[in-house]
Amino acid sequence: PLSLFNLLLLQKLNIQMNKISEIPKQIGRLLQLRCLNIDSNNISYLPNDIGRLWQLEEFTYSENPICQINENFNNKDFKIILSNFRKSIEPSRPPKERIWQSLTNDLNQDSIKNSYRFSIVCYNILSDTYTKSGTHGYCPDQFLNWNYRKNLILKELFDHKSDVICLQEVEVEKYEQLFKVTLEEQGYSSLFHPKTRFQSQDAEAAPKVDGCALFFKNEKFKLIASRKIEFQPIAFAKFVKEDNWEDYQRVTTRDNIAIAVILQYNQNKLSTISNSNNHSNRRNNQFYKNSPYVIVVNTHIHWDPAESDVKLIQTQILIEEVYKFLNETKELRDFFNVPIILAGDFNSTPNSSVCNLLENGFVAPEHPDLSLHKYANYSIDGVRHNFILRSIFKDKGISFFTNYTSDFRGILDYIWYTPDSLSITKFLQLVSDNDVEDFPIPNSHFPSDHILIGAEFETKYIS
């Protein structure tokens, strides 16, 4: 029965001597399989999707009239056989177009005078280096190839034409040679910051270090200030190795980073929207001293599911550093009233301590991510912040995904915003299982193991 292929954690499957004549393509979903025995059936044809079973350690298929397997091969050659099947996987059917769903009526002229809108997308594009680690063995090589993937990535960015773009896992050379140049041609300015290890790499390795890239449209925003945040040196300064060597090692060996920017909105654009016939608003200097600001932070938090404590500490450090950055910026008199966006790959599920901290502003010291470790005052007093933040996914449930691999399907990527100063006007439609044909990504249409997410915001007032 096809329901068998919903057992995604299945590791051994023995269907020998069952008079089976056909294997469905859904067998390619069983990515955790280590042993597969289809001996002594009447199978003459295997679907190419069987090549996705990249973790197989044993595959026996004797006494079947399988036409695609060279008669000179035997059971010991199964790795070569699977590779040939994988190379033959054809592109999947195109997914439906992702649309921007409107969540509010269009603004009337009076509300325009006191509001402005901007859109933002967030996307972990999957570093080219990480595709070579073997963890995406279910994906045919031709769809993992950077020259294939980069065109799909750029197409997604161009299709959505967002005012702000936050990318993660962008390699140094890919930023300098591709993204910076290409997006500048589309009217964007950008900032980039590689992970801390970049500073210690040799000339061959350094260009392949990944980091965060942030782009904004010049016609809509002007850069007021920026801050590059490195968690590793901050952790070195905060924690004492004598307290607990193991915990010290956990946080000080992770070189994740973030970029924070303060953008000033182009008020001339705002004025011409509200009164397009007023020629006095059309001045050479598009940016006014009292133009509204928006703060955007792009981050990539540590990946390891077994180190949720490290993710929590990094997120707390991120918030503290953003607070310092805003407090030190003279243009912001009262930054708690200024719109704030935190976007990135937080590598944390909705029920994690990271999301609890961001949404509720506090994680108690009794939480296992703090109580089982010695992180200075954090483990004594808990972690907290005073920002009011909300995820764009709030009230949308948790049945969808932003990351889909052989061993995980769920939400890791977020755009957090300040609901007191921003409201969502449009939401980029999510991707369904049907869009990816119930198979993990990357694939022929989705170039990363993450999904691009996005929203459009409207300010509730001008600060």
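The following dialogue goes through a predicted model and asks how its labels follow from the computed values.

Student: What makes the protein as compact as a globular protein of its length?
Tutor: The secondary structure comes to 12 helices and 20 strands. The radius of gyration is 25 Å, and the globule rule gives 23 Å for 463 residues; the two values are close, so the protein is as compact as a globular protein of that length. Along the principal axes, the C-alpha atoms fill a box of roughly 85 × 60 × 45 Å.

Student: How many of the residues count as buried, and what share of the surface belongs to carbon and sulfur?
Tutor: Of the 463 residues, 55% count as buried. The accessible surface comes to about 21300 Å², and 48% of that belongs to carbon and sulfur atoms.

Student: Why do β4 and β7 count as edges of their sheet?
Tutor: The open sheet has 7 strands in the order β4-β19-β20-β5-β6-β8-β7, with mixed pairing. β4 (100-102) and β7 (188-194) each have a single partner strand, so one side of each is left without a neighbour in the sheet. From one strand to the next the twist averages 25°.

Student: How do you know that β19 and β20 pair?
Tutor: Pairing requires at least two bridges. Strand β19 (residues 422-428) and strand β20 (residues 453-459) have 5 bridges, in the antiparallel sense, so they meet the definition of a pair. Within this arrangement L422 stands opposite T459 in β20.

Student: Which helices lie across strands of this sheet, and at what angles?
Tutor: Helix α4 (residues 146-160) lies across β4, β5, β6 and β19, and runs at about 170° to β5. Helix α5 (residues 172-185) lies across β6, β7 and β8, and runs at about 155° to β6.

Student: Why is the pair of F118 and F221 called edge-to-face?
Tutor: Rings pair if their centres lie within 6.5 Å, and planes over 60 degrees apart count as edge-to-face. A search of the whole structure finds 22 aromatic pairs. For F118 and F221 the centres are 6.0 Å apart and the planes 75° apart, so both conditions are met. The pair links distant parts of the chain, with F118 in strand β5 and F221 in strand β9, 103 residues apart. Both F118 and F221 are buried.

Student: Which residues do ring pairs link into a cluster with F118 and F221?
Tutor: The cluster also holds Y116, Y265, Y417 and F457.

Student: Why is N347 called buried and D438 partly exposed?
Tutor: Buried means under 20% relative accessible area, exposed means over 50%, and partly exposed lies in between. N347 has 10% relative accessibility, so N347 counts as buried. D438 has a relative accessible area of 32%, so D438 is partly exposed.

Student: What are the phi values of N347 and D438, and where do these residues lie?
Tutor: Phi of N347 is near 45°, a positive value in a residue other than glycine. N347 is in the loop between β12 (340-345) and α10 (353-360). Phi of D438, also a residue other than glycine, is positive too, near 60°. D438 is in the loop between β19 and β20.

Student: What kind of peptide bond joins I441 and P442, and what is its omega?
Tutor: The bond is cis, with omega about 10°. P442 lies in the loop between β19 and β20, where D438 is also found.

Terms used
Residues numbered from 1 in each chain as written. Predicted model: local features only at pLDDT ≥ 70, side-chain atom pairs only at ≥ 80, totals over all residues. Heavy atoms only, no water. Helix = DSSP H or I, 4+ residues; strand = E, 2+ residues; numbered from the N terminus. Axes fitted to C-alpha atoms, helices over the stretch in contact; angles between N-to-C directions. Contact = heavy atoms within 4.5 Å. Rg over C-alpha atoms; globule rule 2.2 N^0.38 Å. Buried < 20%, exposed > 50% of the residue type's maximum accessible area, 1.4 Å probe, protein only. Areas by Shrake-Rupley, 256 points an atom, 1.4 Å probe, with all protein chains shown as cover. Phe/Tyr/Trp six-rings, centres within 6.5 Å; stacked < 30°, edge-to-face > 60°.
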